[in-house]
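User: Please examine the fold shown below and answer some questions on its sheet, its cores and one helix residue.

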Amino acid sequence: MMEAYNDNASQIAHERRKTEIVSLISLELSKPVTLKEKLNNILYFLDNIFGLKHTMLLLPDGEEHLTVFASRGFGEKGLGAKIKFGQGVIGVVAARKKKLRLNNISWQKQYIHKVAEEPIHIIELPGLPNAESQVAIPLLADEKLIAVLSAESEDLNFFDVEDEEFLMTLSQIIGLSIQNTQIVEGLEATVKERTHHLELQKQMLQQANSSKDRLFSIISHDLRSPVAALQSVSKLMHYYINSGDMSSAIKTAERVAKSTQGLHMMLDKLLAWSLTQTGDIKIEQVQVDIVTLLKEVLEVYEDAISSKNIICNFNAPGFSAMVTSDMNACFTIFHNIISNAVKFSFEKGVISINLHPENTYLKVTISDTGTGIPEDKINDILSNPVNVSSKGTANEKGTGVGLAASFYMAKRVGATIDISSSPGAGTTVSVNFPV
């Protein structure tokens, strides 16, 4: 009778101990930690409670592979190693979702860590060289495989049936806890990604508003002034014609022609820039003669170059300067670069244009001896050009968007642009076209 009482008392104490362990593990697993910390904590508890010194947790990657995410007793060895479903003890457990225990296994070592015909990963799976016992348990949540727990020992028959049953009981708690952490981290990652996306949209909207405000400012001020001037000059020309002063009328007409040319160039720059902002640019790859194109651009600025007495050095090279590119994009690129060279050149300044054939590209260099550009301003021009506008050496007005538009056009046609400049020493711009 006393023996039966002692057995019952021992059984009650044993069950109470199990309940305490379940409560302790449940409490610890409910703490908000990262997935990596949770996996390491699980292996820590199994070591302290069951004496499992060599363990690892593998998480499925889809339905084909398992990856080692945490291990204990193997150092850092094997983290990131992969194993196929159905391969070895762990792979079989993952595929069948059933626990598996092996004892006295020194003679069947090749089965425990069976290697596939083609290695999955260069990282070797963790394992004891003299393992005699192994148990692998699937961690499930609603019949879904969340992870596989593998434990090894060098002792014979280290894992008994009772330990396995208790581990299976805990496996449900552990599997749900891992799943909850994965869900939380997934939601956090989604929120973080969406927040980042919203922040990018906010920045783009702010930039678009800034561009819009600047463009409206240019239209209302920089364009309004020359249009108003043209209106006044046209009235003056009408007066000269009515009074019979044809000489003054002709000179006034020439002024109108120059003003409209400048106004036209300004509108071209604004149009090119607006297209870069909307992305509404169609690229048509054709054969472009860079020498002919440069001559056409220089003709546009012939009067401006002459008015400043600028010396323009451009001699056609003795080699073919044909590239495959977009004609309009190339014209915009050189139109803006030469415009800046003229605008920021001093009286009797020098502009030099040279072509250099390289192994894989054609290099076109445009240099001036003008005011130059500080390095920080170059970055401002390219990052937010609508906030950067400078008057030329003869108080020429500008939009501030030309150089940025050239960079965008160059990128669209596969070309690159390099700028070398310093205040007071002039600027050199190199355009590199692939050939």
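The exchange below treats the chain, then the sheet, the cores and a single residue.

Analyst: This is a predicted model, in which local features need pLDDT of at least 70 and side-chain atom pairs count only at pLDDT 80 or more, while totals for chains, interfaces and linings use all residues. Residues are numbered from 1 along each chain as its sequence is written, and side-chain values use heavy atoms, with hydrogens and water left out.

User: How many helices and strands does the protein chain have?
Analyst: Helices (H or I, at least four residues) and strands (E, at least two) are DSSP runs, numbered from the N terminus. On that basis the protein chain has 12 helices and 13 strands.

User: Which strands stand at the edges of the open sheet formed by 5 strands?
Analyst: Two strands pair if DSSP finds at least two bridges between them. The sheet has mixed pairing and runs in the order β8-β10-β11-β13-β12. Each edge strand has a single partner, so one side of it is left without a neighbour in the sheet; these strands are β8 (311-313) and β12 (416-421).

User: In which sense do β11 and β13 pair?
Analyst: Strand β11 covers residues 361-368 and strand β13 residues 427-434. Asp368 has Thr427 of β13 as its bridge partner. Over 8 bridges, the sense of the pairing is antiparallel.

User: Which helix gives the most to the largest nonpolar core?
Analyst: A nonpolar core is a set of buried Ala, Val, Leu, Ile, Met, Phe, Trp, Tyr and Cys residues joined through side-chain atoms within 4.5 Å, where buried means under 20% relative accessible area, exposed over 50% and partly exposed in between (1.4 Å probe, protein chains only). The largest has 35 residues, and Ile290, Phe334 and Ile353 are among those with the most contacts inside it. At least two residues each come from α8, α10 (327-343), β10, β11, α12 (402-412) and β13. With 8 residues, the helix that gives the most is α10.

User: How many residues does the other core have?
Analyst: This core lies apart from the largest one and includes Leu29, Phe50, Leu139 and Ala141. Its count is 25 residues.

User: Is Met327 buried or partly exposed?
Analyst: Met327 lies in helix α10. Not counting residues up to four places away in sequence, Met327 touches (heavy atoms within 4.5 Å) Glu284, Val286, Val288 and Leu293. Its relative accessible area is 38%, so Met327 is partly exposed.
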